[in-house]
Amino acid sequence: MAELDVGQHCQVQHCRQRDFLPFVCDGCSGIFCLEHRSRDSHGCPEVNVIKETPKKTDDHKSYSCSFKDCPEVELVAVICPYCEKNFCLRHRHQSDHGCEKLELPKPRMAATQKLVRDIIDSKTGGAASKSRKGAKTSGTAAKVSLMKLKMHAQGDKSLPQTERIYFQVYLPKGNKEKSKAMFFCLRWSIGKVVDVAASLASLRNENNKLTAKKLRLCHIPSGEALPLDHTLEAWITKEDNPLYNGGNVILEYLNDDEQFVKDIESYLE
């Protein structure tokens with residue numbers, strides 16, 4: 001009886017094992033045994049595998065805050081234009097990170113501000129110096145309204161009661177809501193107060209853009225736009241035209257060359 005021709009020999013030269021269930025390589029179409037069925041084991045000429053671990057690329061650079069012991073990082077650089085150091089959003093204002101180039105208001109600045117107010121008063125018949133709506137911005141009126149503000153004012157609930165300052169914030173002209181009761185931290189900079197107030201009132205805030213109108217916090221009754229790098233505490237304790245806890249302030253968009261808000265009475269009507 002003739003022998004049956006079953007199976008095929010492995011094509012690896014040093015093997016040549018006869019396999020009854022041979023494997024066909026899908027790369028070179030060769031015939032191989034179980035041991036040499038993989039491409040690497042029979043040296044398949046079609047193998048073109050780069051055995052390298054893909055290099056990890058980190059396209060998202062992070063920026064650490066330069067404030068002492070602050071662990072915060074930001075995805076974009078927040079550079080102080082004065083000391084040129086990078087900070088997180090919480091410490092971006094000069095007063096918040098104790099900027100080494102922070103200039104405190106000099107005594108002569110008060111005289112200059114008073115001179116500007118006197119000039120405005122002379123052109124408006126002294127309207128800016130008169131009491132508004134039954135002395136709403138006086139210390140006495142502020143004390144009376146403070147209790148009402150505390151009942152419905154919005155702000156950071158984690159702030160200690162001893163550090164809270166309450167204002168009736170009159171919002172920019174054209175806004176659907178005329179005013180809103182808010183409270184802020186006594187130690188915050190005016191710039192941070194503006195940011196928080198804008199967030200509470202859902203206002204557009206483009207103070208970080210050079211060409212955009214800036215959202216400014218303005219004093220009543222003078223209408224003066226408060227410097228963003230001053231602290232709220234400095235104005236609460238100010239002897240000449242201070243801000244009052246429980247008083248009124250105006251939030252309005254101003255150009256860079258505008259230092260006063262106009263037509264104050266229209267906000268209070």
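## Leu217 and the nonpolar cores

In this predicted model, Leu217 touches Ile190, Val193, Val194, Glu224, Ala225, Leu226, Val249, Ile250 and Leu251, leaving aside residues up to four places away in sequence. Leu217 is also one of the residues with the most contacts inside the largest nonpolar core, which has 32 residues. The others listed with it are Phe167, Val169, Phe184, Leu203, Leu232 and Leu251. At least two residues of this core come from each of these elements: helix H3 (139–152), strands S7 and S8, helix H4 (190–200), strand S9 (214–219), helix H5 (232–236) and strand S10 (247–254).

A second core, separate from this one, has 10 residues. Ala225, Ile250, Val261 and Leu268 are among them. Two of these residues, Ala225 and Ile250, are also in the list of residues that Leu217 touches.

## Aromatic pairs between S7 and S8

The count of aromatic pairs is 2. In one, the ring centres of Tyr166 and Phe183 are 5.4 Å apart, and the pair is tilted because the planes meet at 45°, between the limits of 30 degrees for stacked and 60 for edge-to-face. Tyr166 belongs to strand S7 (residues 164–170) and Phe183 to strand S8 (residues 179–185), so that the pair links parts of the chain 17 residues apart. Both rings belong to buried residues: Tyr166 has a relative accessibility of 4%, and Phe183 has a relative accessible area of 1%.

The other pair is Phe167 with Phe184, whose ring centres lie 6.3 Å apart; their planes are at 40°, so this pair is tilted. Here too a residue of S7, Phe167, is linked to a residue of S8, Phe184, at a distance of 17 residues along the chain. Phe167 is buried at 1% relative accessible area, and Phe184 is buried at 1% relative accessibility. Phe167 and Phe184 are both named among the residues with the most contacts inside the largest core.

## Arginines over rings

Two arginines are placed over aromatic faces. Arg37 lies over the face of Phe23, 5.7 Å from the ring centre. Arg204 lies over the face of Tyr253, at 4.6 Å from the ring centre.

## Cysteines

The whole structure contains 0 disulfides. Cys25 is in none; its nearest cysteine sulfur belongs to Cys28 and is 3.7 Å away. That distance does not qualify because a disulfide needs the two sulfur atoms within 2.5 Å. Cys25 is buried, with 5% relative accessible area.

Cys80 is likewise in no disulfide, and the nearest cysteine sulfur, that of Cys83, is 3.7 Å away. The relative accessible area of Cys80 is 1%, so Cys80 counts as buried.

## Whole chain and confidence

The chain has 6 helices and 10 strands. Of its 269 residues, 38% are buried. Among contacts between residues at least 6 apart in sequence, 47% join residues at least 24 apart.

Average pLDDT for the chain is 81, and 80% of the residues score at least 70. Over residues 126–137, pLDDT stays under 50. The model has 23 contacts beyond four places in sequence for residues 126–137. Where pLDDT is low, predicted coordinates should not be read in detail.

Methods. Residues are numbered from 1 along each chain as its sequence is written. This is a predicted model: local features need pLDDT of at least 70, side-chain atom pairs count only at pLDDT 80 or more; totals for chains, interfaces and linings use all residues. Side-chain values use heavy atoms; hydrogens and water are left out. pLDDT is the predictor's confidence in each residue, from 0 to 100. Contact means heavy atoms within 4.5 Å. Buried means under 20% relative accessible area, exposed over 50%, partly exposed in between (1.4 Å probe, protein chains only). Rings of Phe, Tyr and Trp (its six-membered ring) pair if their centres lie within 6.5 Å; planes under 30 degrees apart count as stacked, over 60 as edge-to-face and the rest as tilted. Helices (H or I, at least four residues) and strands (E, at least two) are DSSP runs, numbered from the N terminus. A charge sits over a ring if NZ of Lys or CZ of Arg is within 6 Å of the ring centre and within 35 degrees of the ring normal. A nonpolar core is a set of buried Ala, Val, Leu, Ile, Met, Phe, Trp, Tyr and Cys residues joined through side-chain atoms within 4.5 Å.
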